[in-house]
Amino acid sequence: MRFLIPLVFMGLALAFSGCQTPKTFATPDASWKSHIGQLKYTDRHRTVIGEVVVQQRGDQEFQLDFFKAAELPLISIRADAANTRVEG
């Protein structure tokens, strides 16, 4: 019976740890500085060239989007003072 109590607590911890709502980041507006250009990434095996959009507001809010052919997102980075999210 003693071993059931820790198992129940571990099960509850695992069940509730995956229920976090993703952080929503600010949507860029006219107060953001934007830079648009091309980016080339090269390593030993491949080279990727695509379009990059970098947006920044102040020192703590940052967004970067890297696209191939303007429609295929390769990487997306969002950051603010407390959180960072990288997708791709």
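## Exercises: a sheet and one arginine

This model's open sheet has five strands, paired antiparallel in the order β1-β2-β3-β4-β5. Strands here are DSSP E runs of at least two residues, numbered from the N terminus, and two strands pair if DSSP finds at least two bridges between them. The model is predicted, so to speak of local features takes pLDDT of at least 70, and side-chain atom pairs count only at pLDDT 80 or more, while totals for chains, interfaces and linings use all residues. Residues are numbered from 1 along each chain as its sequence is written, and side-chain values use heavy atoms, leaving out hydrogens and water.

**Exercise 1.** Work out which strands stand at the edges of the sheet.

*Solution.*
- Look for strands with a single partner strand: these are β1 (33-42) and β5 (84-87), so one side of each has no neighbour in the sheet.
- Now pick a pair: β2 (residues 47-57) and β3 (residues 61-68) run antiparallel and are joined by seven bridges.
- Try one residue: Q56 has F62 in β3 as its bridge partner.

**Exercise 2.** Place R78, and decide whether R78 is buried or exposed.

*Solution.*
- Start with the strand: R78 sits in β4 (residues 72-79).
- Check the relative accessible area: at 17%, R78 is buried (under 20%; exposed is over 50%, partly exposed in between, with a 1.4 Å probe and protein chains only).

**Exercise 3.** Find the side chains that make polar contacts with the side chain of R78.

*Solution.*
- Apply the cut-off: a pair of N or O atoms within 3.5 Å, where, within protein, one must be able to donate a hydrogen and the other to accept it, and residues adjacent in sequence count only if both atoms are side-chain atoms.
- That gives D65 at 3.1 Å and S76 at 3.4 Å.

Technical notes: Helix = DSSP H or I, 4+ residues; strand = E, 2+ residues; numbered from the N terminus.
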